[in-house]
Amino acid sequence: MSITTSTLTRGAAVAAALAGLAYIVIQFIHPADVAASLATQQWKTVHALSFLEAVLALIGITGIYLRQVGPFGILGLAGYLMFGFFFILQSSFTFAEAFIAPLFVAEAPQVSVDIVGLFGRNAPVTDLGPLSALPQLGGLLYVGGALLFGIAVIRARLLSRGAGILLVAAAALTPVAGALLPHALERMAAVPMGLALVWLGYSLWSDQRRNTAALQVHAEQARGDRAVA
């Protein structure tokens, strides 16, 4: 199989859809952010899946951005960079949660709990230094990036505007859910975000199929014209 732009675009579409599905599933199986959870296989599985989801999401939004790079403009570029940096941050943090934090939970349980509880709104007992700012930085990149990226999708009019609207709505819902709901329920605000990624992935796939079909028709017409001539 030759590697073409069309192949890479379809791969990015699949990556975005799989990332969205994984993001939804994770919210329903995520264990509590406590020391006892770190020793379980469920903890390692969920956070390994979270790491994979972040990598797939980065690939997916890169394909979505490149398909619309012209009409996306500066606004879309800013949204892509912010959203992309969030997924880089997420992949780094979830890798540490899955494979590093469980290694020293027996010797330093409080440190382990403080680190993995950062995004669970648990105030750390240990001085974590710059790590303490990760929730604020992550929230800014996640909400701001998704808002700008979604608005750019709507304005570009190349992929589904409904998916762009859902992405904007999901981003706007996140801080509201964080302010009003306990963390266990706040997780459910990630479900519409996951659905938006699935929708965008499907839209990118469909768009690529239409483009490929149009190119094939054009090529056949060109061959017919040469045959007549």
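This is a short tutorial dialogue on reading a predicted model of one protein chain.

User: Where do I start? How many helices and strands are there in the protein chain?

Analyst: Start by listing the elements in order. Here the protein chain has nine helices and zero strands, so from the N terminus on the pattern is simply α-α-α-α-α-α-α-α-α.

User: What share of the 229 residues is buried?

Analyst: For that, look at relative accessible area, where under 20% counts as buried. In this chain, buried residues make up 45% of the 229. On the outside, the accessible surface comes to about 11600 Å², and 71% of that belongs to carbon and sulfur atoms.

User: Which residues touch the most other members of the largest nonpolar core?

Analyst: The idea is to find buried nonpolar residues whose side chains join up. This core has 36 residues, and F83, F149, L167 and M193 touch the most other members. Two or more residues each come from α1 (5-29), α3 (41-67), α4 (69-99), α6 (134-156), α7 (161-180) and α9 (190-228). The largest share, eight residues, comes from α6. Another core lies apart from this one, with six residues, including I115, L118, L128 and L134.

User: Which residues is F83 in contact with, leaving aside its neighbours within four places in sequence?

Analyst: Skipping those neighbours lets you see what the fold brings together. F83 then has contacts with I61, L141, Y142, G145, A146, F149, L167 and M193. For the whole chain, take the contacts with a separation of 6 or more: 72% of them are between residues 24 or more positions apart.

User: How far apart are the end C-alpha atoms of α6?

Analyst: They are 32 Å apart. To judge that, allow 1.5 Å a residue: the 23 residues of α6 should span 33 Å, so the two values agree. Right after α6 comes R157, with a positive phi near 60 degrees.

User: Which residues form the nonpolar patch on the surface?

Analyst: They are I74, L77, L81, F85 and I88, with about 470 Å² of accessible area together. Here's a handy rule: an α-helix has 3.6 residues a turn, so residues three or four places apart point the same way. One member of the patch, F85, sits in helix α4. F85 counts as partly exposed because its relative accessibility is 49%, and exposed needs over 50%.

User: How far apart are A172 and G144 in sequence and in space?

Analyst: Compare the two kinds of distance. A172 and G144 are 28 residues apart in sequence, while their C-alpha atoms are 9.0 Å apart in space. A172 belongs to helix α7 and is partly exposed, with a relative accessible area of 41%.

Note on methods:
Residues are numbered from 1 along each chain as its sequence is written. This is a predicted model: local features need pLDDT of at least 70, side-chain atom pairs count only at pLDDT 80 or more; totals for chains, interfaces and linings use all residues. Side-chain values use heavy atoms; hydrogens and water are left out. A nonpolar core is a set of buried Ala, Val, Leu, Ile, Met, Phe, Trp, Tyr and Cys residues joined through side-chain atoms within 4.5 Å. Buried means under 20% relative accessible area, exposed over 50%, partly exposed in between (1.4 Å probe, protein chains only). Helices (H or I, at least four residues) and strands (E, at least two) are DSSP runs, numbered from the N terminus. Contact means heavy atoms within 4.5 Å. The expected span of a helix is 1.5 Å times one less than its number of residues. Patches are made of residues with over 30% relative accessible area and no salt bridge: like charges are joined within 9 Å, nonpolar side chains (Val, Leu, Ile, Met, Phe, Trp, Tyr) within 5 Å. Accessible areas come from the Shrake-Rupley method with a 1.4 Å probe; for residues, only the protein chains shown count as cover. A salt bridge is a side-chain nitrogen of Lys or Arg within 4 Å of a carboxyl oxygen of Asp or Glu.
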